[in-house]
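Ready for some practice in reading a protein model? Keep the picture open and try each task before you read its solution.

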Amino acid sequence: MNIILLGPPGAGKGTQAKILVAERGMVQLSTGDMLREVRASGSELGQRFGEMMDRGDLIPDGMMIEMIDARLDEPDCKNGAIFDGFPRTNAQAIALDEMLQRKSLPLKAVIELTVDEESLVGRITGRYSCAKCGAGYHEEFQRPAVPGVCDTCGHQDFKRRPDDNEATVRDRLEVYRRDTAPIIPHYEAQGLVQRVDGMAEITEVEGAVAAILDA
Ligand code: AMP
């Protein structure tokens, strides 16, 4: 089963994707994570991606489509893919339709996490993650049980995304409104869109997402 998680930055797509990975063995296809890996490699392409990401700009469609097309051919995707952060433009949505059809991978649902935009800036600028295992935390809403120690792996170093600062977050929200929100009608026309209140507690969101997957 393949699903798309849609919603602005900070809506909780990554959090919900990680829950589905742990509970259902699905694969999280986060284009943001893939780009951060290329960036961390220090290659020239990685540096170019990094500059665009720090401005909150989108990476060109052709590169993103190729990246996802290749990733979907890896064997783990047979267990079901969660698209997290892709598609982000109309061209990506159309390319994904074609790709899924060509690879005989049906799309079960497009889950839109709806949020109150004003809360997003605080949600994003307060978040950080374990530098070793990637477990996510928040200064206010989700602190580790022992301050400064990762609940999951015990590591004591944490990191923040360079694009999680207020100025870039505002640009990313604007890009979402301009380029990504307009793809929702594309999926509404296919009867695939299901809305979930992304402002609810994580476990409530998890329950609503599970109900959609099990329907
Ligand atoms: P995310 O981790 O999904 O918030 O993505 C971080 C950044 O990576 C975005 O602000 C974009 O610069 C870039 N990015 C991630 N996914 C895409 C995509 N599907 N298309 C274009 N750019 C992307």
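Below are three exercises on this predicted model, each with a worked solution.

**Exercise 1.** Work out how helices H4 and H5 are oriented to each other.

*Solution.* Start by finding the two helices: H4 covers residues 61–72 and H5 covers residues 90–102. Next, take the angle and the distance: they pack at about 25 degrees, and their axes are 10 Å apart. Angles under 35 degrees count as roughly parallel, so H4 and H5 are roughly parallel to each other. Finally, look at who touches whom: Asp61, Met64, Ile65, Ile68, Asp69 and Leu72 of H4 meet a group in H5 that includes Ala91, Ala95 and Leu96. Sorted by class, this contact has nine nonpolar, one polar and three charged residues.

**Exercise 2.** Do the same for helices H6 and H7.

*Solution.* H6 spans residues 117–125, and H7 spans residues 166–180. Their packing angle is about 135 degrees, with the axes 10 Å apart. The two helices are therefore oblique to each other. The crossing of H6 and H7 is right-handed.

**Exercise 3.** Find which residues come nearest to the ligand, then look for polar partners.

*Solution.* Of the 16 residues around the ligand, the nearest are Thr31, Arg36, Asp57, Gly85 and Arg88. Now check atom pairs. A side-chain N or O atom of arginine 36 is 2.9 Å from a ligand oxygen. At glycine 85, a polar backbone atom is 2.9 Å from a ligand nitrogen. Glutamine 92 has a side-chain N or O atom 3.0 Å from a nitrogen of the ligand.

How values were computed:
Residues numbered from 1 in each chain as written. Predicted model: local features only at pLDDT ≥ 70, side-chain atom pairs only at ≥ 80, totals over all residues. Heavy atoms only, no water. Axes fitted to C-alpha atoms, helices over the stretch in contact; angles between N-to-C directions. Helix = DSSP H or I, 4+ residues; strand = E, 2+ residues; numbered from the N terminus. Parallel < 35°, antiparallel > 145°, perpendicular 65-115°, else oblique. Contact = heavy atoms within 4.5 Å. Nonpolar A, V, L, I, M, F, W, Y, C, P; charged D, E, K, R; others polar. Near = heavy atom within 4 Å. Polar contact = N/O pair within 3.5 Å; in protein donor to acceptor, adjacent residues only side chain to side chain. Left-handed = near helix turned anticlockwise from the far one by under 90°.
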